[in-house]
Amino acid sequence: MATTKQKQKQGFKLQMNKQVYQEQAQKYEPKRNLLLNCFRAFWVGGAICLLGQIIQNLYVAFLHLDAEKAAGPTSITLILISVLLTGFGIYDNIGQYAGAGSAVPITGFANSMSSAAIEHRSEGYVLGVAGNMFKLAGSVIVYGVTAAFIFGMLRVLLNMFY
């Protein structure tokens, strides 16, 4: 049987359409255990949220804040922990294991921002760190601000009529 290079030398043309490509790609695609991946995402995401609740309870107990005022420092603490774990290369391992369970909480956003900053630090602080860090964050910030504006306006309108 002739190899691909031999066929090309003999004048054969290789035709690869979308269907043939999909069939070839599926042969080499790793099999995923959906149930196991869901379980991992669930328990790791839950553990991150549990850690956040423990931190909030500590702020309430020791700093005598109410739950609403402890929410800000709790978020900042979770972001700090995520950035430190990213810097030490630990959060990437958590992300590989847990998938979306580590990406959905606020810690996942902090991880993506800090990993972009770490990756491009050799290019300088302005064009490297800040420029590449906010390429990712820009879309999140734009849609977050836009959604906050729309829901804020809806709330104002609803309060006017009810």
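This report describes a few helices, contacts and surface features of a predicted model.

Helix 7, which covers residues 106-119, has 14 residues and reaches 20 Å from its first C-alpha to its last, close to the 20 Å expected at 1.5 Å a residue. Within helix 7, the buried residues are T107, G108, A110, N111, M113, S114, A116 and A117.

A residue of another helix meets this one: S82, which is placed in helix 4 (residues 67-87), is in contact with T107, A110 and N111, as well as with Y91, when its neighbours within four places in sequence are left aside. The side chain of S82 also reaches the backbone nitrogen of N111 at 3.4 Å. S82 has a relative accessible area of 1%, and because buried means under 20%, S82 counts as buried.

The surface offers another view, since a nonpolar patch of about 1300 Å² is made there by F149, I150, F151, M153, L154, V156, L157, L158, M160, F161 and Y162. One of these residues, M160, lies in helix 8, which covers residues 125-161.

The structure holds one salt bridge, in which the side chains of E29 and R32 meet at 3.2 Å, N to O. The table sets out the accessibility of these two residues beside the values for S82 and M160.

| Residue | Relative accessibility | Class |
|---|---|---|
| S82 | 1% | buried |
| E29 | 40% | partly exposed |
| M160 | 59% | exposed |
| R32 | 60% | exposed |

Exposed means over 50% relative accessible area, and so M160, at 59%, counts as exposed, whereas E29, at 40%, counts as partly exposed.

Notes
Residues are numbered from 1 along each chain as its sequence is written. This is a predicted model: local features need pLDDT of at least 70, side-chain atom pairs count only at pLDDT 80 or more; totals for chains, interfaces and linings use all residues. Side-chain values use heavy atoms; hydrogens and water are left out. Patches are made of residues with over 30% relative accessible area and no salt bridge: like charges are joined within 9 Å, nonpolar side chains (Val, Leu, Ile, Met, Phe, Trp, Tyr) within 5 Å. Accessible areas come from the Shrake-Rupley method with a 1.4 Å probe; for residues, only the protein chains shown count as cover. A salt bridge is a side-chain nitrogen of Lys or Arg within 4 Å of a carboxyl oxygen of Asp or Glu. Helices (H or I, at least four residues) and strands (E, at least two) are DSSP runs, numbered from the N terminus. Buried means under 20% relative accessible area, exposed over 50%, partly exposed in between (1.4 Å probe, protein chains only). The expected span of a helix is 1.5 Å times one less than its number of residues. A polar contact is a pair of N or O atoms within 3.5 Å; within protein, one must be able to donate a hydrogen and the other to accept it, and residues adjacent in sequence count only if both atoms are side-chain atoms. Contact means heavy atoms within 4.5 Å.
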